[in-house]
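Biologist: Before we look at any particular feature, could you take me through how a model of this kind is read, beginning with what it means to call a residue buried?

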Amino acid sequence: MLVSLKKKIGLKSTLAARWGNRKADANKAQEGKKPGEGPPDLDQLWRDFNTRLNAFFGQKNRPEGGGGTGGGLRPDMKGAGLTVGVVAAAAVLIWIASGSFIVQEGQTGVVLKFGKYDHSAPPGFNWRLPYPFESDETVNVQQVRTVEIGYRGNVKNKMAKESLMLTDDENIIDIQFAVQYKLKDPAAWLFNNRDQEDTLRQVAETSIREIVGRSKMDFVLYEGREKVAFDVQQLMQHILDRYAVGAIVTNVTMQAVQPPEQVQAAFDDAVKAGQDRERQKNEGQAYANDVIPKARGAAFRLLQEAEAYRSLVTENAVGNASRFQQVLTEYQKAPGVTRDRMYLETMQQIFSSASKVMVDAKSGSNLLYLPLDKLIAQAAAQDASAAAAKAAAGASAAPPPPATAVLPPETMQTVESHRDSRSRESSRDRESR
């Protein structure tokens with residue numbers, strides 16, 4: 001078939017070349033030119049091309065018998081077979097080379113045999129059976145992919161069907177979050193689910209609705225946002241593993257958690273009122289924490305002072321009673337000696353803390369001996385004790401009165417009697433004169 005086709009092509013080329021030559025000669029004759037003169041035209045170029053093509057396929061023009069007006073083509077079978085073999089070998093090499101492919105770093109190649117998963121190819125140069133036996137697909141397993149729930153592209157572009165959900169205390173809340181994931185099993189990712197991203201979005205929406213449905217509104221809005229994100233990630237991974245999606249969830253990020261826009265103002269007022277209530281409670285608790293410990297400390301101090309005073313009085317009474325018993329025992333043994341000793345001790349105690357004035361009543365002299373040095377020392381001691389008491393008490397008081405010599409009653413009586421005796425003696429002297 002190939003030889004006959006080449007024959008037909010060669011015959012047509014020869015006829016076209018002859019017709020072109022005749023037409024060119026006719027045109028040149030009309031223009032006054034001889035055949036063979038002038039530059040080659042398109043017909044000559046076409047004839048040269050056909051000649052080279054015939055030579056490539058192992059054919060040559062031979063004059064036909066019967067007048068020399070026609071030509072024939074006789075194929076060279078040896079040259080044609082060699083050409084066909086070379087072309088077939090080149091085609092086979094190209095077909096075999098088409099099975100090679102390169103997998104970049106961070107990607108995994110998936111090889112399919114007749115459309116069914118056969119094996120995975122690591123990064124680098126790989127080879128598979130050429131088409132139609134095997135084919136390959138490349139999957140990026142290191143890329144962090146993101147699926148958005150409740151919005152698309154921007155948090156302002158909300159998707160109310162996905163973001164609005166009901167809490168455990170029957171309140172509606174608006175949640176927008178993003179899920180980041182990577183591929184861990186390329187074959188499962190390609191063949192176990194038809195629309196992988198839509199599957200992930202549905203799994204995320206199902207998980208968040210289940211977690212929010214078990215939580216209170218205040219918990220989701222404030223202190224429980226991180227806990228909700230963590231629970232959603234765990235539940236999503238469990239569902240994806242059960243469905244064999246071939247993805248691993250790396251992070252769940254809450255973009256916006258708020259009440260619906262229709263009740264946002266009322267909710268803000270309620271939140272402010274709750275914050276004011278908590279602030280006032282904290283202020284009251286702080287005042288109570290300041291006053292109650294002080295009151296308890298003062299009460300405990302009074303109790304300790306009362307206990308100390310009771311112990312002091314009790315011990316003094318017990319000591320006095322014991323001393324009286326001991327003195328009574330000694331007195332019963334020697335009444336006179338004990339009485340004199342008690343008198344002397346009492347007088348010693350009295351005179352040790354009192355200023356003394358010596359009066360010579362027996363000699364009848366009017367001269368009084370006052371211990372000025374003792375009086376001055378006693379006054380200075382009294383001033384020092386008063387100043388120390390004032391500094392210790394920390395209260396302002398009037399300056400103490402000047403120190404005066406305080407005489408005991410017995411001394412005062414002695415002085416008065418001495419004055420009376422002198423006045424009587426002086427009156428007697430005047431009468432005698």
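Modeller: The general idea is a cut-off on relative accessible area, with buried meaning under 20%, exposed over 50%, and partly exposed in between. Please keep in mind throughout that this is a predicted model.

Biologist: With that cut-off in hand, does N193 count as buried or exposed, and why?

Modeller: N193 has 16% relative accessibility and therefore counts as buried, although this residue is found in the loop between α5 (186–191) and α6.

Biologist: Which residues does N193 touch, apart from those up to four places away in sequence?

Modeller: Setting those neighbours aside, N193 touches A188, T199, Y243, A244 and V245. For V245 there is also a distance to give, since the two C-alpha atoms are separated by 6.7 Å while the residues lie 52 residues apart along the chain.

Biologist: How should I set that against the protein chain as a whole, and what share of its residues count as buried?

Modeller: Of the 433 residues of the protein chain, 24% count as buried. The chain holds 12 helices and 15 strands, and of its contacts with a separation of 6 or more, 64% are between residues 24 or more positions apart. Its accessible surface comes to about 30,500 Å², with 58% of that belonging to carbon and sulfur atoms.

Biologist: How do I read a nonpolar core, and which residues touch the most other members in the largest one?

Modeller: The general idea is that in soluble globular proteins nonpolar side chains tend to be buried together. In this model the largest nonpolar core has 38 residues, and those touching the most other members are I173, I175, F177, V179, I208, M236 and M254. Several elements each supply at least two residues of this core, among them β4 (107–113), β12 (172–183), α6 (196–213) and β13 (247–258), while α8 gives the most, with 7 residues.

Biologist: Taking M254 as an example, what is it in contact with beyond four places in sequence?

Modeller: M254 is in contact with I175, Q176, F177, I208, R225, V228 and A229. Three of the names in that list, I175, F177 and I208, also appear, like M254, among the core residues that touch the most other members.

Biologist: Turning to the surface, which residues make the nonpolar patch?

Modeller: A patch of about 950 Å² is made by V92, W95, I96, I102, F114, F125, W127, L129 and F133. The elements giving two or more residues to the patch are α3 (77–97) and β6 (124–127), and α3 gives the most, with 3 residues.

Biologist: Why can W95 belong to a surface patch, when the residues of a patch must have over 30% relative accessible area?

Modeller: W95, which is found in helix α3, has 38% relative accessibility and so counts as partly exposed.

Biologist: F114 is also in the patch; where does F114 take a positive phi?

Modeller: F114 takes a positive phi near 55 degrees in the hairpin of β4 and β5, which has 2 residues between the strands. Those strands pair in the antiparallel sense over 5 bridges, and in β5 the bridge partner of V111 is H119.

Biologist: Which residues does S100 touch, leaving out those up to four places away in sequence?

Modeller: S100, found in strand β3 (residues 100–103), touches F125, N126 and W127, and of these F125 and W127 are named in the nonpolar patch. With 29% relative accessibility, S100 counts as partly exposed.

Biologist: Last, how do I read salt bridges, and how many are there?

Modeller: The rule asks for a side-chain nitrogen of Lys or Arg within 4 Å of a carboxyl oxygen of Asp or Glu, and by this rule the count comes to 15 salt bridges. One of them joins R152 and E162, whose closest N and O atoms are 2.7 Å apart; R152 lies in strand β9 (residues 151–152) and E162 in helix α4 (residues 160–163). The two ends differ in cover, since R152 is partly exposed at 26%, whereas E162 is buried at 11%.

Biologist: Which side chain does D241 meet in a salt bridge?

Modeller: D241 meets K184, at 3.1 Å from N to O, and the pair links helix α8 with the loop between β12 and α5, 57 residues apart. D241 is partly exposed, with a relative accessible area of 39%, and K184 is partly exposed as well, with 48%.

Notes
Residues numbered from 1 in each chain as written. Predicted model: local features only at pLDDT ≥ 70, side-chain atom pairs only at ≥ 80, totals over all residues. Heavy atoms only, no water. Patch = residues over 30% accessible without salt bridge, like charges linked within 9 Å, V, L, I, M, F, W, Y side chains within 5 Å. Areas by Shrake-Rupley, 256 points an atom, 1.4 Å probe, with all protein chains shown as cover. Helix = DSSP H or I, 4+ residues; strand = E, 2+ residues; numbered from the N terminus. Buried < 20%, exposed > 50% of the residue type's maximum accessible area, 1.4 Å probe, protein only. Core = buried A, V, L, I, M, F, W, Y, C linked by side-chain atoms within 4.5 Å. Contact = heavy atoms within 4.5 Å. Pairing = 2+ DSSP bridges.
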